[in-house]
Amino acid sequence: MRKIFMLICLATVLFLKAKAQEIPIEKGWKFTTGDSSQWSSPSYDDKSWKPISISHSWESQGYPNYDGFGWYRLHVVIPSSIKEKSYLKDSIRLDLGIIDDNDEVYLNGKLIAEYGGKGGNIKTSQYGPRSYVIAANNPAILWDKENVLAIRIFDTGGDGGIYGDYQKISMADLMDNVTINTEADFGYDDNDNLVKSIKLASNSKYPYKGKLAFKVIDPENDAVVYEKLNDADFTAGKPFTYAFNLAKLDKKSYRLSYTFTDEKSGKAKSKTEGTPYVLTPYPTAKPRINGADVFGAHPGNPFLYMVPATGKKPLIYEAEGLPAGLKLDANTGIITGVVNQKGDYPVTFTVHNRLGSKTKKFTIKIGDLIGLTPALGWNSWNAWGLTVNDSKVRVSAKTMTDRLAAHGWSYINIDDGWEAPQRVTSGEIVPNQKFPDMKGLTDYVHSLGLRMGIYSSPGPRTCGGYLGTWQHEDQDAKTYGDWGIDYLKYDWCSYSEVTDKTPTLADYKTPYQVMRASLNKIPRDIMFSFCQYGMGDVWKWGAEVGGNSWRSTGDIEDTWKSMSTIGFNQVADGPYAQPGHFNDPDMLVVGKVGWGDSQHNSRLSPDEQYTHISLWSLLSAPLLIGCDLGKLDRFTLGLLTNDEVIAIDQDALGKEARQAIKTGGYQVWIKDLEDGNKAVGIFNTSDKYQTITLNLKDNELSGYAKIRDVWQQKYLIISGANYTTKVAPHGVVMVKMSK
Ligand code: GAL
């Protein structure tokens, strides 16, 4: 115990020491839009420039919808004491946070780092915070004097500028070369204990030798429930592996902490992660029909719907009351055909297996509206970025069929990166070599009962620098129709270059109206998803312009800050959600994400991931999974296959939850449901466990005394006028309340 205590003291001292070696650079920045080579010069007078914060994009600081060049400048003293106090004295590190999109960094007029290039060329493997390492003897650095740091940024669209956390100048440290790799999945042994191994690795020849302290902490009371100190030696090419198993834990996320301390230097590095816990009950072997209660299609267009059902296979499907023109495949549950007659058709689905049968009432609405409930599917962007290709899409489609479609998931959407650099001579768009046969791929996706989505921009180029649809709207819509596309994400991106610099409301609408008209000429139901980050309060006119959904925010990232800021701010747009037209707070960041070829586990903790899925379901958001579906672990699968949670997202009333309570530490969101019941999310936004009480006499909830925990799928026994529940840090309890 004493040893551990000393270790903590040592760690604290090291932490304080480390802090003293950092120069915070969050404050004091000046900014201007535009571009000039003079602005990198240390002698340039930037007094007339406006102050700016580097915690938020420039859009939110008086430059709404500004795309193009912008410059940031900071005057900062770099004391040589940071060099003296550091163990390795050879380089300094510049942590700048997120830069959107491309940048050139000048120190005292000299270019010291750059990323990307004007108008795209984004290397997605480096998507995320910018961190530059510069040799300490670089003559650009003026030690102990004022330095001028000038950053030239080019934003291709959406959020722009510098934003994020932990921005600083520091010495590159011995521990910068050490990775505590926690990427291996948690597994389960025969007794259902959690098993895992982590790796300490380095790319430096330095022989790291010391101790790895491993702790299991109960976040409810911060008590250490298990700890172990291990010898740990490693160097480049020879990692150290630590494997452990954890006997059955309660159903909550425990904090695991790993701290390596190097004996010789006294330097330490730590990492923490939460243990996963699955709340979703395993589906029973008896048949059950899942998913939405309604589906809309246009008369005369090809119809495709797969009845989502769980239960031990083989399952046999039946449908009573199908409108003329549709037929059901009894073995797959896939309904296809064409209905010419408008109308609401009540249908009864039945699914049988050896253990029984189940029926469900369903309505097929043939009319003007499609997308009556938010889209449920997968999109390639958060997983693969621009590295998406045919085989990754096929794996995703196959996995969706095998593991997710039974719960209602149906869209396979290719995001940016599929387009060839040039149109063919007739002007048609064609896929690049990563997609040798788009029609064949779409046919394959359809054969599984799933739908296919694609991506473009109304501008000349997409956000990733690929070819956009500008002036080829009819042609592209026709091509999509010929391939059999069912969903189009249409991303503003470079459209700013072809419209006024400060677009009017009419300018915001134009590209979407033009493409709407082109899509209307195609005999297919194509879901139209606007992606323009909420500009011009898109929620107020998205429906009228014919969008089935519209992004209400900039891009999401797999951090609590990003996800919670986006999710808990969906207030102004809430009232505009309705069947056929939904707000889109961006795609999901659960599972293995990466925006490129190298993937990592979502940096959201398990409780934050429960919050993400619960909140998005309450918001009636399109749920577009953004992870590598080929590598779904038990936890992620549990998150994505809870039928009672999905039912809240897919509720036919199509309303969005209201923020009913917002305090410094928690929020309550309430969503009205088609059956008169309420879905209620109780979110702990603090980083401590909390006991939260809902007053059931409260007007809105008065009389709703029957409470069902939807994640655990069980009724709760409560007495009295209050419902009190414990909620994990950044976690949620989601219930359905009925009279
Ligand atoms: C962004 C968009 C992302 C993704 C990306 C592709 O503007 O918000 O979701 O589509 O472009 O380049």
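Is Thr442 buried or exposed, and what is its relative accessible area? In this predicted model, where local features need pLDDT of at least 70 and side-chain atom pairs count only at pLDDT 80 or more, totals for chains, interfaces and linings use all residues. Residues are numbered from 1 along each chain as its sequence is written, and side-chain values use heavy atoms, with hydrogens and water left out.

Thr442 is buried, with a relative accessible area of 0%, where buried means under 20% relative accessible area, exposed means over 50% and partly exposed lies in between, for a 1.4 Å probe and protein chains only. Thr442 has its place in helix α5, residues 438–447; helices (H or I, at least four residues) and strands (E, at least two) are DSSP runs numbered from the N terminus. When its neighbours within four places in sequence are left aside, Thr442 is in contact with Met452, Trp483, Gly484 and Ile485, contact meaning heavy atoms within 4.5 Å. The buried residues of α5 include, besides Thr442, Met438, Gly440, Leu441 and Val445, and what covers the buried residues of this helix includes α4 (390–404), β30, β31 and α6. Just after α5, Gly449 takes a positive phi of about 85°.

From α5 the description can pass to strand β31, residues 451–456, which pairs with β32 in the parallel sense over 4 bridges; two strands count as paired if DSSP finds at least two bridges between them. Within this pairing, Ile454 has Leu488 of β32 as its bridge partner. Strand β32 (residues 487–491) is mostly covered, since 5 of its 5 residues are buried. Both of its faces are covered, with Tyr487, Lys489 and Asp491 buried on one side and Leu488 and Tyr490 buried on the other. In a regular strand the side chains alternate between the two faces of the sheet.

Strand β29 (residues 376–379) can be described in a similar way: Leu376 and Trp378 point one way, Gly377 and Asn379 point the other way, and all are buried. β29 pairs in the parallel sense with strand β38 (residues 623–625) over 3 bridges, and the bridge partner of Leu376 in β38 is Leu623. β29 is also joined by 3 bridges to strand β30 (residues 411–413), the two running parallel, and there the bridge partner of Asn379 is Asn413.

Helix α6, already named among the elements that cover α5, also meets another helix. The axes of α6 (residues 473–483) and α7 (residues 505–520) come within 8 Å and cross at roughly 45°, the axes being lines fitted to C-alpha atoms, for helices over the stretch in contact, with angles running from 0 to 180 degrees between N-to-C directions. That angle makes α6 oblique to α7, because angles under 35 degrees count as roughly parallel, over 145 as roughly antiparallel, 65 to 115 as roughly perpendicular and the rest as oblique. The contact is made by Glu473, Asp474, Ala477 and Tyr480 of α6 and by Val514, Met515, Ser518 and Leu519 of α7. By class, this contact has 5 nonpolar, 1 polar and 2 charged residues, where Ala, Val, Leu, Ile, Met, Phe, Trp, Tyr, Cys and Pro count as nonpolar, Asp, Glu, Lys and Arg as charged, and the others, Gly among them, as polar.

Another helix, α8 (residues 560–568), has 7 of its 9 residues buried, so it is largely enclosed by the rest of the structure. Its buried residues are Trp560, Ser562, Met563, Ser564, Ile566, Gly567 and Phe568, and they pack against α9 (606–618), β39 (658–662), β40 (666–672) and β41 (678–684). In the loop between β34 (549–551) and α8 lies Asp558, which is buried with a relative accessible area of 0%. Not counting residues up to four places away in sequence, Asp558 touches Val589, Val593, Trp595, His600, Asn601, Ser602, Arg603 and Leu604.

A further sheet completes the tour. Here 4 strands form an open sheet in the order β21-β28-β27-β24, with mixed pairing; its edge strands, β21 (294–297) and β24 (316–320), each pair on one side only. Neighbouring strands of this sheet are turned by 30° against each other on average, direction ignored. β21 pairs with strand β28 (residues 356–366) in the parallel sense over 4 bridges, and the bridge partner of Ala297 in β28 is Ile366.
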